[in-house]
Amino acid sequence: MISLRHAISCLLLAAATPASARYRVRLRTPLGIAFEEVEPGKACGVVVADLVDGGNAEHDGRIWVGDRLLSTSAVVLGGDSALLTVGGGRQFTNWKRELIPATAMGFEEIMAAIGSNSGRFGYVDCLLELARTDSSFDFD
C-alpha cells in the first residue's frame, strides 16, 4: 500500500506536465516499448526507456524515449452477479476495457494492465496516454 504523501507527490509530478504535451496513441500489440520506473522501487509510474527496432511504437513515430506513461487501457474483470465459483476459485464471465491512471502504480501493475489487452479478451491493441518530459527525445 502506498502512502498518501507518496500518491500526492506522484500525482503532482504527472500534473506538472503541460496539457499540450499530452497525447494518446493506439498501438497493436506487441507494443515494442521498453518501460522503466520513474523512481526505482516506488509506485510512481514508468517512462519509455527504449523502442524496439521495427516495433509497432517505432513504426507509429509519435512515442519518444523519455515520455511518461499517464494512463493505459486495461481489461477490468467484474460483475459479482455474473461470476462463477469453480473448484474454490472465482471465474468472471464478463469484463470491460477502460483507461486507468498509471502515474501512481508500480512497474508490475502497469505491465499487467498493458498485458491484459490481449486476444484472450478479444483485443489486439492498447490505448496509451503519454506526456513529453524534459528528458524526451526522438531518434530521428
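**Exercise 1. Find out what share of the contacts between residues at least 6 apart in sequence join residues at least 24 apart.**

Step 1. Start with the term: a contact means heavy atoms within 4.5 Å.
Step 2. Take the contacts in the chain between residues at least 6 apart in sequence; 70% of them join residues at least 24 apart.
Step 3. Keep in mind what you are looking at: this is a predicted model, where local features need pLDDT of at least 70 and side-chain atom pairs count only at pLDDT 80 or more, while totals for chains, interfaces and linings use all residues. Residues are numbered from 1 along each chain as its sequence is written, and side-chain values use heavy atoms, with hydrogens and water left out.

**Exercise 2. List the helices and strands in order.**

Step 1. Helices (H or I, at least four residues) and strands (E, at least two) are DSSP runs, numbered from the N terminus.
Step 2. The chain holds three helices and eight strands.
Step 3. Reading from the N terminus gives α-β-β-β-α-β-β-β-β-α-β.

**Exercise 3. Work out how strand β4 sits among its partners.**

Step 1. Buried means under 20% relative accessible area, exposed over 50%, and partly exposed in between (1.4 Å probe, protein chains only).
Step 2. β4 covers residues 68-77, and eight of its ten residues are buried, so the strand is largely enclosed by the rest of the structure.
Step 3. Now look for pairing, which requires at least two DSSP bridges between two strands. Seven bridges link β4 to β7 (residues 95-101), and these two run antiparallel; here S71 has P101 as its bridge partner.
Step 4. β4 is also antiparallel to β8 (residues 125-131), with four bridges, and T72 is partnered by L128.

**Exercise 4. Compare the settings of E98 and D125.**

Step 1. E98 belongs to β7 and is partly exposed, at 32% relative accessible area.
Step 2. Leaving aside neighbours within four places in sequence, E98 is in contact with T72, S73, A74 and V76.
Step 3. D125 lies in β8 and counts as buried, at 16% relative accessibility.
Step 4. With the neighbours within four places again left aside, the contacts of D125 include R26, R97 and N117.

**Exercise 5. Locate the largest nonpolar core.**

Step 1. A nonpolar core is a set of buried Ala, Val, Leu, Ile, Met, Phe, Trp, Tyr and Cys residues joined through side-chain atoms within 4.5 Å.
Step 2. The largest one has 22 residues, and L27, I33, I63, L69, L128 and L130 have the most contacts inside it.
Step 3. At least two residues each come from β1 (22-28), β2 (33-37), β3 (46-51), β4, α3 (107-115) and β8.
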